[in-house]
Amino acid sequence: MHEADFGVAGETAIVTGASQGIGRSIAETLAAGGANVGICSREMDRVGPVADEINDSDVDGEALAVECNVREREQVEAFVEEVVEEFGGLDIMVNNAGGEFVAPFEDISPNGFDSILDLNVMGTVHGMQVAGEHMREDGGGKIVNVASVNGQHPAPNESHYSTAKAGIIQLTETVATEWNDDGIRINCVAPGLIQTPGVAETLGIDSEDMPPRDQVDRRIGYGEDIADVVQFLVSPAAAFMTGETVTVKGVPRPGNSMQHDLGLQ
Ligand SMILES: CCC/C=C/C(=O)SCCNC(=O)CCNC(=O)[C@H](O)C(C)(C)COP(=O)([O-])OP(=O)([O-])OC[C@H]1O[C@@H](n2cnc3c(N)ncnc32)[C@H](O)[C@@H]1OP(=O)([O-])[O-]
Ligand SMILES: NC(=O)C1=CN([C@@H]2O[C@H](COP(=O)(O)OP(=O)(O)OC[C@H]3O[C@@H](n4cnc5c(N)ncnc54)[C@H](OP(=O)(O)O)[C@@H]3O)[C@@H](O)[C@H]2O)C=CC1
């Protein structure tokens, strides 16, 4: 009888942008599943306590925090190297670090547009290329990129971010075909609106009284909604999936976008 295997125990994973929000949920979930996790953010003061909390808990996975700005190639190289040395390899790379500001297209300067492309697209390119090199040497691995429903549907006032996230979806599909022979599976997750500190700051919304996770409608997402899907994508259960983008957005609505969810569209 076939039994599905969603396990990650004993694997080594990297999660970028894990001091809070979705990245933190992914790191905690993989560590609870028994994976060792290397996590980064731009500030050790913010990401260090997340690793401490994982290491002080009773989960099987260990955590290593490293200060790393994913926009800086050399920092990504040093981060990945440190994790490989600490845990003896690299099986899973989750390119989660990303972000934006909200502004009409005509008000976004070339430098402003470029900063969002650099953070989201080039941050992912650095993570994929640096991790990919280690994975090729080790005979394979799994990569998950974090895009957004905004890369799939129009989202007014987020032209730079939507362009970047659409790019991440295409990057996933294309490189998955190139690296298939190296045993590297690459997939993407496209979250709908997820309650995180970043969203609270960017959109000024918080959701103290969210319905429980088993309710799909009338709520925005939890970080764990994304983390569970990421764990599936890097597990043996997803062995026949590569180059895919999995949308995780609760109840589908016409013109689904974050603005729509917020009643702004
Ligand atoms: C629906 C939303 C869902 C949310 C999803 C999330 O991802 S939530 C996650 C939310 N959390 C995060 O996003 C956290 C991560 N955020 C970051 O890393 C950075 O804040 C950054 C990448 C957004 C900018 O990085 P950086 O160091 O390069 O910043 P910098 O200060 O050097 O500015 C560069 C250029 O951008 C311009 N500009 C900036 N703001 C605005 C604005 N509001 N308006 C117009 N323009 C703006 C600025 O003027 C400058 O252009 P200029 O004047 O030289 O022509
Ligand atoms: N929340 C949502 O509704 C959605 C989010 N997403 C995507 O999910 C991902 C996570 O979003 P969310 O959790 O909401 O974001 P948050 O802003 O809450 O968290 C972002 C994380 O990324 C880190 N980070 C930001 N910039 C960098 C950088 N240059 N280098 C390294 N780390 C960085 C931050 O750490 P620090 O500040 O300490 O550096 C923080 O840990 C992003 O890619 C986002 O675009 C997609 C769709 C919806």
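Two residues are in contact if their C-beta atoms, placed from the backbone, lie within 7 Å. Keep that cut-off at hand for the first exercise.

The model is predicted, so local features need pLDDT of at least 70 and side-chain atom pairs count only at pLDDT 80 or more, while totals for chains, interfaces and linings use all residues. Residues are numbered from 1 along each chain as its sequence is written, and chains are lettered from A and ligands numbered from 1 in the order in which they are written.

**Exercise 1. The overall fold**

Task: Find what share of the contacts between residues at least 6 apart in sequence joins residues at least 24 apart, and describe the protein as a whole.

Solution:
- Step 1. Among those contacts, 74% join residues at least 24 apart.
- Step 2. Count the elements: the protein has 8 helices and 7 strands. Here helices (H or I, at least four residues) and strands (E, at least two) are DSSP runs, numbered from the N terminus.
- Step 3. Compare the radius of gyration, taken over C-alpha atoms, with the globule rule, 2.2 Å times the number of residues to the power 0.38. The protein's value is 18 Å, close to the 18 Å that the rule gives for 265 residues, so the protein is as compact as a globular protein of that length.
- Step 4. Look at the extent: the C-alpha trace spans about 50 × 40 × 40 Å along its principal axes.
- Step 5. Turn to burial. A residue is buried if 20 or more other C-beta atoms lie within 10 Å of its own, exposed if 12 or fewer, and partly exposed in between, with C-beta atoms placed from the backbone. Of the 265 residues, 46% count as buried.

**Exercise 2. Strand 2 and its partners**

Task: Work out why strand 2 (residues 36–41) is described as largely enclosed, and trace its connections.

Solution:
- Step 1. Strand 2 has 6 of its 6 residues buried, so the rest of the structure largely encloses it.
- Step 2. Recall that side chains in a regular strand alternate between the two faces of the sheet. In strand 2, Asn 36, Gly 38 and Cys 40 point one way, Val 37, Ile 39 and Ser 41 point the other way, and all are buried.
- Step 3. Pair the strands; two strands pair if DSSP finds at least two bridges between them. Strand 1 (residues 12–16) runs parallel to strand 2 and is joined to it by 5 bridges, and Thr 12 has Asn 36 as its bridge partner.
- Step 4. Follow the chain from strand 1 through helix 1 (residues 21–32) to strand 2: this β-α-β crossover is right-handed. That term applies if, with the strands pointing away from the viewer, the path from the first strand over the helix to the second runs clockwise.
- Step 5. Go on to strand 3 (residues 63–67), which is parallel to strand 2 and linked to it by 5 bridges. Ile 39 stands opposite Ala 65 there, and strand 2, helix 2 (residues 44–56) and strand 3 make a right-handed β-α-β unit.

**Exercise 3. Strand 6 and its partners**

Task: Decide whether the faces of strand 6 (residues 184–191) are covered or open, and name its neighbours.

Solution:
- Step 1. Both faces are covered: Ile 184, Ile 186, Cys 188 and Ala 190 are buried on one side, and Arg 185, Asn 187, Val 189 and Pro 191 on the other.
- Step 2. With 8 of its 8 residues buried, strand 6 is therefore largely enclosed by the rest of the structure.
- Step 3. Strand 5 runs parallel to strand 6, with 6 bridges between them; Gly 141 has Ile 184 as its bridge partner.
- Step 4. The chain reaches strand 6 from strand 5 through helix 5, in a right-handed β-α-β crossover.
- Step 5. Strand 7 (residues 245–248) is also parallel to strand 6 and joined to it by 4 bridges, with Val 246 as the partner of Val 189.

**Exercise 4. The two ligand shells**

Task: Describe the residues around ligand 2 and ligand 1.

Solution:
- Step 1. Apply the cut-off: a residue is near a molecule if its C-beta atom, placed from the backbone, lies within 6 Å of it.
- Step 2. Ligand 2 has 32 residues around it, and Gly 17, Gly 21, Ser 41, Gly 98 and Gly 198 come nearest. Helix 1, strand 2, helix 2 and helix 6 (197–203) give two or more residues each.
- Step 3. Ligand 1 is surrounded by 18 residues, the closest being Gly 99, Ser 109, Gly 112, Ser 115 and Gly 198. Helix 4 gives the largest share, 5 residues.
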